[in-house]
Amino acid sequence: MSKNHFLAFDLGASSGRAILGTLANGKLALTEVHRFENQMQQINGHFFWNIFSLFSELKTGLKKCIQEYGVQPDSIGVDTWGVDFVHLNKEGMIISLPFAYRDSRTDTAMDDLFQLIPKEEVYRQTGIQFMQFNSLFQLFSMVKDQSSLLEITDQILFMPDALNYLFSGEAVTEYSIASTSQMLVPGKNQWQVDLIEKAGIPTSILTDLVDPGTIIGRIKADVARETGSAQVPVIAVAGHDTASAIASVPASDKHYAYISSGTWSLMGIESDQPLVSDQTLAMNYTNEGGVEGTTRFLKNIMGMWLIQECRRAWLNEKKYSWDEMVALAKNAEPFQFLVNPDDAVFLNPANMPDAIAAFCEKSGQGRPESHAQVIRCVYDSLALKYRFTLEQIRTVSALPIEKIHIIGGGANNRFLNQLTADATKLKVIAGPTEATATGNILVQAKAMGALQSLADMRDVVRHSFDVETFLPNPDLDWDGAYAKYQRLVAR
Ligand SMILES: Nc1ncnc2c1ncn2[C@@H]1O[C@H](COP(=O)(O)OP(=O)(O)OP(=O)(O)O)[C@@H](O)[C@H]1O
Ligand SMILES: C[C@H](O)[C@H](O)[C@@H](O)C(=O)CO
């Protein structure tokens, strides 16, 4: 019997879901069987993810798929955000909640490591954008602090690999998620052993690397009993959510940039090989590993995190829907306030609207007072950042970029899609919004023999989902605002 039901578990930093994909006649239908909130937990002054409750939500998703939707999936796969990992002891037990990447324990870790290994050397050996929370820096901070947790760690597993392990009992490391660690050779599924050793990180804690689309095992008997599931294959999909998302860009040619828009905005191009040079180092761009050996040359942009955190800060006054926030922004004056969304002050501030207002004040723009002004400031700034990023990419790649594909939950934001088209003067194609789960499902389909290639996967996406096109308005002039934005970034 043909295999055509695939269950994707897609965990984002703000929400998680179990999505059932049914593939028939070259078309994919998605059914959301379970959705739940996800949030960092603050304990004893540190931020963690609750891996145990996340696993419990995934099991609920599997149970609901079988009991409420009457479908035994043919396989399952997990994707999550990047860089974070769990610790296993020598008995194979998870011995701590995993730290969340916004935790302040790595505030000085980059400079600390650069005293040991020059920054240029680290970039040349990894090709990854410097962000203080990359797993390399998380682990180095533990080495430096002589962490007792690290001392009793037998193995580490990145978040999707850890959840695969809880489902299957198999401990392996998948390529795309490992590439976010800044511990791989650029463009290769290979640990950068020399760098890892120089950083004092024990290489014995690293597990074997596998390619995206590897069947790593089967659902364990106890999990099968608990959920009513058969012991179906557990597939290491492209475990990094961005890799899964980009695998489902509905493009028929290569002349595009993408923005994977969720908690983060990941903006870049797909490349056959990594782009690692003095210039990409100066611009601080990343080369993450993708499906079928592709490289995602991109910039991590702080993205909707700023909006999510404003919404959270205002909860006591009003619980805004995303649509209400967009409606407020539409009626606010454009370009009155701008920020650099990637300024370090926005990584994890106690109060996001205050941090935005303080940035505006400090840069001589006055202080946004209303919610509408703050939200408008974020959307305008993101659109300008997208233009800035596009211009940077064009300086290092000869790829003719004729359009931008926006995928992920943020593609629902029609207002920002239009701002992006206007700011970049390019056509924007929005959708699919469940791009990550779609990529996860299609990698499972390929692993199970239902599809042959990445090109096949993208054909399926094009035939299965509607997209919306936004054309730049030729009468709008963004150049003045862009000049103001460039001055802010250069500060
Ligand atoms: N109707 C809408 N209007 C405007 N913005 C929207 C709408 N729906 C979703 N968004 C935006 O999309 C974001 C959620 O995207 P998504 O669900 O892909 O994120 P996530 O999976 O939790 O995060 P991650 O990027 O970590 O995977 C929200 O923060 C919100 O800003
Ligand atoms: C740390 C971020 O989550 C990561 O770099 C980003 O690529 C991501 O995974 C967005 O979901």
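**Figure 1. Buried area between domain 1 and domain 2 of the predicted model.** In this predicted model, the two domains bury about 2,400 Å² between them, with 57% of that area on carbon and sulfur atoms. On the domain 1 side, the residues that lose the most area to domain 2 are Arg 102, Tyr 123 and Gln 129, which together make up 30% of what that side buries. Domain 1 spans residues 4–241, while domain 2 is made of two segments, 249–431 and 452–491. Counted by contacts, 32 residues of domain 1 meet 31 residues of domain 2, and the C-alpha centres of the two domains are 25 Å apart.

**Figure 2. The shell of residues around ligand 1.** Ligand 1 is surrounded by 19 residues, of which Ala 13, Ser 14, Thr 263, Gln 308 and Gly 409 come nearest. By class, this shell holds five nonpolar, 11 polar and three charged residues. Both domain 1 (4–241) and domain 2 (249–431 + 452–491) give residues to the shell, so ligand 1 lies between them. Among the secondary-structure elements, β2 (15–24) and α13 (322–330) each supply at least two residues of the shell, and α13 gives the most, with three residues.

**Figure 3. Polar side-chain atoms facing ligand 1 at Ser 14, Gln 308 and Asn 412.** A polar atom in the side chain of Ser 14 is placed 2.3 Å from an oxygen atom of ligand 1, and a polar side-chain atom of Gln 308 is 2.8 Å from an oxygen atom of the ligand. For Asn 412, the partner on ligand 1 is a nitrogen atom, which lies 3.4 Å from a polar atom of the Asn 412 side chain. Ligand 1 taken alone exposes 640 Å², and the protein buries 87% of that area.

**Figure 4. The shell of residues around ligand 2.** The residues around ligand 2 include the run Trp 81, Gly 82 and Val 83, together with Tyr 101 and Phe 133. Also in this shell are His 240, Asp 241 and Thr 242, as well as Trp 264, Leu 266 and Asn 300. The shell divides into six nonpolar residues, four polar residues and one charged residue, and at least three of its residues are drawn from each of domain 1 (4–241) and domain 2 (249–431 + 452–491).

**Figure 5. Polar side-chain atoms facing ligand 2 at Asp 241, Thr 242 and Asn 300.** A polar side-chain atom of Asp 241 is found 2.7 Å from an oxygen atom of ligand 2, and one of Asn 300 is found 2.9 Å from an oxygen atom of the ligand. At Thr 242, the distance between a polar side-chain atom and an oxygen atom of ligand 2 is 3.4 Å. Taken alone, ligand 2 exposes 300 Å², of which the protein buries 94%.

**Figure 6. Ser 453 in the loop between α17 and α18.** Ser 453 belongs to the loop that lies between α17 (435–447) and α18 (454–464). The side chain of Ser 453 reaches the backbone nitrogen of Asp 456 at a distance of 3.1 Å. When residues up to four places away in sequence are set aside, Ser 453 touches Glu 292 and Lys 446.

**Figure 7. Backbone geometry at the Gly 431–Pro 432 peptide bond and at Asn 25.** Most peptide bonds are trans, and most residues other than glycine have a negative phi. The peptide bond joining Gly 431 and Pro 432 is cis, with omega about 0°, and Pro 432 sits in the loop between β18 (427–430) and α17. Asn 25, although not a glycine, has a positive phi of about 50°; Asn 25 is located in the loop between β2 and β3 (27–37).

Notes. Residues numbered from 1 in each chain as written. Chains lettered and ligands numbered in written order. Predicted model: local features only at pLDDT ≥ 70, side-chain atom pairs only at ≥ 80, totals over all residues. Heavy atoms only, no water. Near = heavy atom within 4 Å. Polar contact = N/O pair within 3.5 Å; in protein donor to acceptor, adjacent residues only side chain to side chain. Areas by Shrake-Rupley, 256 points an atom, 1.4 Å probe, with all protein chains shown as cover. Helix = DSSP H or I, 4+ residues; strand = E, 2+ residues; numbered from the N terminus. Nonpolar A, V, L, I, M, F, W, Y, C, P; charged D, E, K, R; others polar. Domains from an automatic or database assignment. Contact = heavy atoms within 4.5 Å. Buried area = accessible area lost by both parts, 1.4 Å probe.
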